[in-house]
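Student: Could you take me through one part of this model closely, namely a pair of packed helices, and set it against the chain as a whole?

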Amino acid sequence: MDIISWLESGDVVLKSLVINTLLDKKFSHENQGIIDRYLNLYNTKEKMWDGIYNPLWTSNHYTLLELKYMQINPEHPIYQEATEKLLNHLWFNKGKVNGKRYQDMCMSAMLLSLITYGKFADERIFEIIDYILTHQLADGGWNCAWDSVHNKSSKSSLHTTISVLEAFRDYEKYGYTYRLDEVKEKVVQGQGILLKRELFKNSEGISINQDMITFHYPTRYKYDCFRALEYFVSIKKPFDIRMNDAINLVKEQIIKGYINTGKQYTGKVHFKLENSNKGRFNTYRALLILKFYDSKTYNKIIANAQV
């Protein structure tokens, strides 16, 4: 079976992603398939799945992140209700959780991404923007460990920085304008952190760790260089030579015609998304990257790969 047909033969959510982004046609999953399975597990009385932020990965926070990636209709009443409950739980007192601790930066960024996708009209959005802008580190990125409780760090984290960049992307994409010029300025600096490290390398020019060069889906809050490339595709950032080694990793890993499901993080899940080591979601992500940054290789794979 050719690779596109194989992807489309999976869940209707994947079929929708493939048709809309790889084939540049229009198709709606109508919140069916995997999305509907998630929605059916929602506790309407408690307005949540298994919890609000915990447990990982069956809480509102992480379930909503998956639904957002799968492009649930943001106006769906469950998405709106569950996101509002998450916002009320995570953001108060302008981010100061108690006398010693502020809200985690990566958590705040992911929350911003969820509420802007839902097109919320809430002044707390502007508080989160203030918080993120205020606590950018001197090197241009972000780190949850910016305050003393988190063992204050002056060095940015790729995990946190990618979450902030994705959140700022959504903030602009969905029409928010408060301090937008400053947001755009900070975005360039944050992107520079990723590119300076060639998306996955340390100061010695080797991979920071194996997870940085391994496809993961769902990505949760974790960083890998493919998540960075997918982000750059989403904002249509032109090719930068510092992306080259990461793009080559995509080509090396899809040589067999598909990408593996990848490392699965420990913790309870609602259900298994895929029942094979052949990962449709990761394969889709790899093709999305190659379509934008290496159309020649992409077209060759589309024409020849059999799964």
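Tutor: What follows begins with the whole chain and then turns to one helix pair. The model is a predicted one, and its secondary structure amounts to 13 helices and two strands. Along the principal axes, the C-alpha trace spans about 60 × 50 × 35 Å. For 307 residues a compact globule would be expected to have a radius of gyration near 19 Å, and the chain, at 19 Å, agrees with that expectation. Of these 307 residues, 53% count as buried, and among contacts between residues at least 6 apart in sequence, 66% join residues at least 24 apart.

Now to the pair itself. Two packed helices are described by the distance between their axes and by the angle the axes make. Here the partners are helix 8, residues 158-173, and helix 10, residues 225-234, whose axes come within 11 Å and cross at roughly 20 degrees. Because angles under 35 degrees count as roughly parallel, helix 8 is described as roughly parallel to helix 10. The crossing in which helix 8 passes helix 10 is left-handed.

As for the residues that meet, helix 8 contributes Ile162, Ser163, Leu165, Glu166 and Arg169, while helix 10 contributes Arg227, Ala228, Tyr231 and Ser234. Sorted by character, the residues of this contact divide into four nonpolar, two polar and three charged, so the contact of helix 8 with helix 10 draws on each of the three classes.

Key. Residues numbered from 1 in each chain as written. Predicted model: local features only at pLDDT ≥ 70, side-chain atom pairs only at ≥ 80, totals over all residues. Heavy atoms only, no water. Axes fitted to C-alpha atoms, helices over the stretch in contact; angles between N-to-C directions. Helix = DSSP H or I, 4+ residues; strand = E, 2+ residues; numbered from the N terminus. Parallel < 35°, antiparallel > 145°, perpendicular 65-115°, else oblique. Left-handed = near helix turned anticlockwise from the far one by under 90°. Contact = heavy atoms within 4.5 Å. Rg over C-alpha atoms; globule rule 2.2 N^0.38 Å. Buried < 20%, exposed > 50% of the residue type's maximum accessible area, 1.4 Å probe, protein only.
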